Amino acid sequence: MTPTTPTAETKYQRARALLGAAAETPAAPTDAAPVTALPRDQLRVRSVSRDRVAPIPARLADLLPADHLARLIWDAVARLDLTAFYAPIAVVIGGPGQAATDPQILVARWLYALSQGVTSARRLNDLCVEHLAYIWLCGGVTMNYHPLSDFRVQHLPALDDLLTQVWACLDHADLIAYEHTAQDGMRGRANAGAASFRREATLEKRRAAARTVVAALTAPPAAAAETAARSAREPAAQERAATERVARLEATLAELPAAQAAKPAAEQADARVSTTDATARVMQMADGGYRPAYNFEFATDTAHRVIVGVDVTNAGRDKAEMAPMLDQVQARTDRLPDDWLMDGGFVTLAAVNTGTDKGVRILAPVPQPKDPTRDPTQPLATDSPAVAAWRVRMATAEAKATYKLRAATSECVNAPARSRHGLLQLPVRGLRKALAVALWIAITHDLLIWVRHLGTPPVSSAATAT
């Protein structure tokens with residue numbers, strides 16, 4: 001017998017019956033025997049399980065197009081010398097210990113993450129299993145966020161050398177003109193609360209109390225019942241926390257003389273240091289408010305806005321920051337620019353003399369004198385030849401036009417560093433770690449300029465060797 005094809009009316013009636021609406025429509029006659037459905041929980045079916053890791057039939061090399069930024073950054077990093085990052089690795093083939101993660105992966109991962117505005121090690125760790133670009137960069141190597149976070153603030157000399165290498169690549173590509181270099185300081189909010197600053201007497205009292213807690217925790221227990229009531233890990237955790245608190249307070253007290261020296265003699269007794277981040281200082285921010293911060297200094301070539309110098313201090317003023325930056329740029333590039341552009345916060349007579357002695361023409365605004373009738377561009381009898389020439393120079397139309405490059409250059413570096421790369425709120429604590437963050441930002445900034453101007457994907461040294 002040829003089975004009959006169900007009519008549309010029959011199908012719709014069956015659907016309504018499954019939804020509990022069979023009573024509204026009379027059942028159509030059928031020749032098929034009734035089917036008794038088994039309970040669903042007894043059926044063996046393949047259901048979704050989205051929490052487990054499923055194998056995907058795809059080659060990692062094919063996940064990204066050839067011109068993807070992650071590929072370009074990886075190939076650019078492959079052309080750099082990362083020997084300093086490999087130096088701390090002690091495990092060898094055939095020896096004991098777990099294999100270390102290739103530093104090239106870590107460097108490329110952080111550079112790409114910063115280029116995309118990712119500044120959190122935890123977020124970067126999540127993206128390594130969620131985003132194709134990060135999965136491609138990992139290349140099958142997995143880790144948690146702890147190595148990522150530690151790697152960001154370690155290898156400070158290696159990071160400084162990496163910035164020099166990227167600068168050399170840009171110099172080889174004729175992307176640095178050495179005509180004008182602009183220096184600017186930017187306050188980055190420290191990872192410390194405003195209420196964490198304490199005076200010396202309070203710090204001494206808290207350290208004594210913390211030492212008492214450590215002594216109590218390290219003393220033998222009074223009764224066996226007390227020991228049995230506590231878990232094996234609880235005493236060790238409490239002792240470790242108390243010991244770390246003592247160490248933080250001692251580091252804070254060790255930083256107190258530096259904070260006192262930065263104040264006038266009459267105010268040194270009121271000097272305060274943060275118990276959260278001992279090297280942070282309260283500074284005036286761009287909005288006029290006062291908050292714990294660090295002072296980030298960038299020296300930038302005006303031709304293609306390449307960062308050639310990086311420094312981080314805990315000084316709230318820029319008066320003494322020009323000379324160290326000049327020395328750093330000269331050591332890094334083996335030469336100095338023709339003009340050095342800086343705002344009024346850097347201007348001192350000593351800075352003008354220092355720059356002139358090094359063969360650099362200083363372009364900076366002349367401070368307004370207290371006497372409103374005196375022309376500030378006219379030399380004084382007490383001025384040195386360098387200062388007198390600077391005063392006259394800043395009155396010329398050529399110097400004024402050139403000085404406009406400072407804002408156009410520095411602000412284009414400061415804005416992404418603050419809003420995109422994490423300087424709006426530092427993710428780390430301590431002056432050295434803040435400098436490491438600044439170096440990562442500068443390396444990312446310069447590397448993106450290098451990749452963009454190369455036009456085509458760089459050929460890695462490994463690919464050339466094969």
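**Briefing: a predicted chain and its largest pocket**

The chain has 17 helices and eight strands; these are DSSP runs, numbered from the N terminus (helices: H or I, at least four residues; strands: E, at least two). This is a predicted model, in which local features need pLDDT of at least 70, side-chain atom pairs count only at pLDDT 80 or more, and totals for chains, interfaces and linings use all residues. Residues are numbered from 1 along each chain as its sequence is written, and side-chain values use heavy atoms, without hydrogens and water.

**Confidence**
- The chain averages a pLDDT of 85 (the predictor's confidence in each residue, from 0 to 100).
- A score of at least 70 is reached by 86% of the residues.
- Among the elements, strand β7 (residues 339-342) has the highest mean pLDDT, 96, and helix α17 (residues 461-465) the lowest, 43.
- Over residues 456-466 the pLDDT is below 50.
- Where pLDDT is low, the predicted coordinates should not be read in detail.

**Burial and contacts**
- Of the 466 residues, 39% count as buried (under 20% relative accessible area, 1.4 Å probe, protein chains only).
- Contacts are heavy atoms within 4.5 Å. Among those between residues at least 6 apart in sequence, 70% join residues at least 24 apart.

**Lining of the largest pocket**
- A pocket is an open set of points on a 1 Å grid over the protein atoms alone, where a 1.4 Å probe fits, with protein on both sides within 12 Å along at least five of seven lines; lining residues have an atom within 4 Å of a point.
- The largest pocket has 27 lining residues.
- Arg281, Val282, Met283, Gln284 and Gly316 lie nearest its centre.
- Strand β4 gives the largest share of the lining, four residues.

Notes: Buried means under 20% relative accessible area, exposed over 50%, partly exposed in between (1.4 Å probe, protein chains only).
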